[in-house]
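Trainee: Please take one part of this model and examine it closely. I should like the cut-off behind each term to be stated as it arises.

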Amino acid sequence: MKLANIRIGPRLGLAFGAILAICVAIGTLGIVNGFRNDASLEGIALHFDKMQLGGAVAEAAQENMQYVAELLISEDMGAIEKISAKLEQNRVRNVETMKKLDAMKFDAEGGRLYAALKERRKIFIDKRNGVIELLKKARYSEGRMKFDETLVPVVTEYKKALADFSAYQRKMVSQKVEV
């Protein structure tokens, strides 16, 4: 049986069926790719959020170091109390940022970097509070020495942990974009 021998009605039916099959195949491919793109975009958004939150933590840490430097300069108890209040406000804001990061899921490397960041942050806060306590007790020269000897090296490690975490999140975003 040849196509030329088939009447026009069935031929039109076959042509319509072939076009319909092609449209269904194209539509299915579009839907599958759409789901794949949605998943990729969600991954990009998640890593971008982590990167932004890491940046907020880094910014707060920088502000804290500025406040501590102001504390070291001031020998006025009123100014020390005001600066300490700013540090506390910053700490509260940073705790909220860290809670958001805690709620997120990380892969093995991201989890390791985030754990290192949290550890360095805790050490930084402990050392910083030690310096602040000395300053509040009007032990200025001892506070300055403790700042130089203990806090500055801790800040360097904390900044490195922040940079490593942010760099990893940027890398993950760029990998997701390239896919």
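Mentor: A residue is called buried when its relative accessible area is under 20%, exposed when it is over 50%, and partly exposed in between, using a 1.4 Å probe and protein chains only. The model is predicted, so local features need pLDDT of at least 70 and side-chain atom pairs count only at pLDDT 80 or more, whereas totals for chains, interfaces and linings use all residues. Residues are numbered from 1 along each chain as its sequence is written, and side-chain values use heavy atoms, with hydrogens and water left out.

The part I choose is helix 3, residues 108-136; helices (H or I, at least four residues) and strands (E, at least two) are DSSP runs, numbered from the N terminus. Helix 3 contains 29 residues and spans 42 Å between its first and last C-alpha, close to the expected 42 Å, where the expectation is 1.5 Å times one less than the number of residues. Just after helix 3, Ala138 adopts a positive phi of about 65°.

Arg128, in helix 3, deserves attention. Arg128 is buried yet has no salt bridge, and the nearest side chain of opposite charge, Glu88, is 6.2 Å away. Charge here means Lys and Arg as positive and Asp and Glu as negative, with His and the chain ends not counted; a salt bridge requires a side-chain nitrogen of Lys or Arg within 4 Å of a carboxyl oxygen of Asp or Glu. Glu88 does form a salt bridge with Arg91, at 2.7 Å between the closest N and O atoms. Those two residues are 3 apart in helix 2, and therefore separated by about one helical turn. Glu88 itself is partly exposed, at 38% relative accessible area. With residues up to four places away in sequence set aside, Arg128 touches Asn64, Val68, Leu87 and Leu151, contact meaning heavy atoms within 4.5 Å.

Phe124 shares part of that environment: beyond its neighbours within four places in sequence, Phe124 contacts Asn64, Met65, Leu151, Val154, Val155 and Tyr158. Phe124 and Leu151 are among the residues that touch the most other members of the largest nonpolar core, which has 33 residues. Such a core is a set of buried Ala, Val, Leu, Ile, Met, Phe, Trp, Tyr and Cys residues joined through side-chain atoms within 4.5 Å. Helices 1 (8-73), 2 (77-102), 3 and 4 each supply at least two residues of this core, and the largest share, 11 residues, comes from helix 4.

Aromatic rings also connect helix 3 with helix 4. Rings of Phe, Tyr and Trp (its six-membered ring) pair if their centres lie within 6.5 Å; planes under 30 degrees apart are stacked, over 60 edge-to-face, and the rest tilted. This rule gives 4 aromatic pairs. Phe106 and Tyr114 form a stacked pair, 5.0 Å centre to centre with 20° between the planes. Phe106 is partly exposed, at 22%, whereas Tyr114 is buried, at 5% relative accessibility. Tyr114 also pairs with Phe165 in a tilted arrangement, 5.8 Å centre to centre with 45° between the planes. Because Tyr114 lies in helix 3 and Phe165 in helix 4 (residues 140-178), this pair ties together parts 51 residues apart in sequence. Phe165 is buried, at 0% relative accessibility. Phe106, Tyr114 and Phe165 thus make up one aromatic cluster.
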